[in-house]
Amino acid sequence: MTLVNVPVHVPPCPVLESEPAAAQDLATDLRAAAIAVKNVQGWASSIAAPAWLGDTADAHDHAATRFAARLDGAEAAFDRAVTAADAFGERLVRLTARRTRLMTRQAEVNAAIDVLINEVAAATDDSRLAEFQRRSDDLAARADRLRIRIDGWLTDVTDAETDLVAALRGVDSVAEGADAAAATDRPDTGELARRLRSLGGDPVAVGAWWRRLSRAEQEAVTTEHPELVGAAGGIPVSDRDEANRGELAHQLDHLGQREEDGQLTGAEKDVLRNAKAVDDGLDRYAGQLDPSTRTHLAELIAFHPELHSGDGGVAVSFGDPDTADHVSVNVPGLTTDTTGLAGNLDKTHGLHEAALAEGRGSVASVYWGDYDAPSGNPLNPLDPLGQLDFDSVALTDKAEAGGDRLGGFVDGIRGSDQGAPAHLTVIGHSYGSTTVGHALADGLPADDAVLLGSPGVPAATAGQLTDAEVWVGSKDHDPVSLLGDGDRGGLGTLGHDPADAAFGGTRFATGDGELRAEALLANHTSYFKGSSLTNMAHVVAGEDDDVDRQPGRGAEGGDHLTLPELLVASSAASAGHGLAEAGEWFWDHSRLGGIL
Amino acid sequence: MTATLDVPYAVLKAARERWDAAADELEGAWRRLAGVSVTGLSATVAAAVTGFAEPWVDELKAASQLAAGYAEELFLFNRMSVLVDEAEAARLRSLLPWVEHDAPIREVGGSGVGLP
């Protein structure tokens, strides 16, 4: 028997020692320090001697002037370090993707080698010798090419590290920082910020302008004005995430220091509380990485801890809306504030996983809590704030303002979308559905809209509301969903009941919820579970045919109680559980009971 | 002979608060930098990050302490209203915004005389 020289296995591509998510964390830390330095340097410059005085004795003796000059070196050093860390992270993402492809190819080649070895071993004569030799030669050539590609990959890994190390070593002394500050090619952040402000309302123009900037310019303006970059629709979401995470870390550092000193003002206490809540929320998902890029799955798209009467504003995405095939944006309702972020992220993540499991492409699921939602819950008799705040719930002003803000946000992520436009679903729960309704009425560019437990929307029909396909999840034992004007009446203060058959939306199955007084609130807050969640996932992933539908209210099979009937019936049901008194109390004391 | 500065109380107070805020902000920055995340980075990169951070931690810490010292000087002047001599008054004046760089320094007789 003649020997066949079968090639040896191709060794695996080594594991990346530096991980993309770790590079992100490094860059965030550096940005946080840079933001702080720039804030102080900017203030010191603003009260410094005018530049035309130069280094005269007076100017030289002026503390803020000296301080500004001293910090300018730190600022320039941090700008270079942040830029290098950002570039390093981006290279690691590309290297990760290349490694995945190389490992796939390595598995294919090695499997083919194994097949050949087995066939050669099983051969009893030389009849297939020529074929074996040809296949062996072919595999050897493929293996050689693959080894060269792996070597090239290793070289690029080394280059990426070398470049970062060189950049950091180039500014790792105060003297080198001063040299960097004197460089003539430093970005003009003042001009960059002015330009960004002037383009503010036009995400497409912002995106085009941003792409023309160098990385150094992008990073310089990000750390000089993180609040501008983080909120600018049209800038890639990953860059907005960087700005917002940098600012979050900076707020935690700065206000944490002031807290230690006992110097926090009331407004600063709100900001720090909200920042801590966002940090905790992101921490819960810090270990979840995007499977293709190995970067953090969660992206902080909006961070406004000072807004909305101290409640703060925040938007977090699981997955990248710029590259995802399907994007959902869910808007919460009553009692939304930043301290409740963790629970809302859990719901959003649950929807993300369910939509991904549909297998219809990549998904980004956004939680958007960046409007001034009513603070109290009028349905909870134990919540006096809710009773007080009922007027603002009953009025639509906060929903209108929130809808306007939501429209700006969605325009922004539409503006930074890459490739074919994503299939976009906007989801509103409770008062958030009214907010979504106002945004839709103003032309929100969504493909699908999901209204959950809605107290009403500002149009009598889906067609009048929007061109998007409207889906409705309304449990018949959810009292909030019975507030809208529908087939059997209803308050209608916030608009029309979208579950009404005459509205013309598509109602999907959610179950009715329990008919007991103490379960009514739970019925209202459990749409991100069970059949309701499954059906939403179908909608988000574009699997409309899989949605389990149920008749609209007023249609055949769509019988339901009115709100007064529900409250009486639920009290009676509770009697069976020894809770009649609770039901009566609910009825007597709730503002709804008083009104209806 | 002691001296005092003719500047509005609000200017002194704002300057003190702003230097104090600067100290806090820079302290937060150097503490962030001192704990900079190197988990998940190669040993080569981690060493370079640490090598970059160390001198800047020292620099920002020094700047923070300097700002805190300025805030403290202004705080003490708020309470005492008088300074040892004109040189000391000029030094304190240099901690204020440049627009105050010509603020009058006035001699006060004896000791313990308050601001006008």
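Start by colouring chain A by its domain assignment, which gives domain 1 (20–175), domain 2 (186–264) and domain 3 (295–595); these bounds come from an automatic or database domain assignment. What you have open is a predicted model, in which local features need pLDDT of at least 70 and side-chain atom pairs count only at pLDDT 80 or more, while totals for chains, interfaces and linings use all residues. Residues are numbered from 1 along each chain as its sequence is written, chains are lettered from A and ligands numbered from 1 in the order in which they are written, and side-chain values use heavy atoms, with hydrogens and water left out.

**First stop: domain 2 against domain 3 in chain A**

Select domain 2 and domain 3 of chain A, where the contact (heavy atoms within 4.5 Å) takes 16 residues from domain 2 and 17 residues from domain 3. The area buried between these two domains is about 1200 Å², with carbon and sulfur atoms giving 62% of that area; buried area is the accessible area (1.4 Å probe) that two parts lose on being put together, summed over both. Now pick out A:Val237, A:Asn244 and A:Arg245, which supply 39% of the area that domain 2 buries against domain 3, more than any other three residues.

The rule for a salt bridge (a side-chain nitrogen of Lys or Arg within 4 Å of a carboxyl oxygen of Asp or Glu) finds zero across this interface. There are, however, seven residue pairs in polar contact between the two domains, both residues being at pLDDT 80 or more; a polar contact is a pair of N or O atoms within 3.5 Å, where within protein one must be able to donate a hydrogen and the other to accept it, and residues adjacent in sequence count only if both atoms are side-chain atoms.

Next, show helix H9 (226–231) and helix H10 (237–260) of chain A, the elements that give two or more residues to the domain 2 side of this contact. Helices here are DSSP runs (H or I, at least four residues), numbered from the N terminus. H10(A) gives the most to that side, with nine residues.

**Second stop: chain A against chain B**

Now select both chains, whose contact takes 54 residues from chain A and 43 residues from chain B. Chain A and chain B bury about 4100 Å² between them, 67% of it on carbon and sulfur atoms.

How many salt bridges are there between chain A and chain B? The count is four, and you can zoom in on A:Arg258, which forms a salt bridge with B:Asp24, the closest N and O atoms being 3.6 Å apart.
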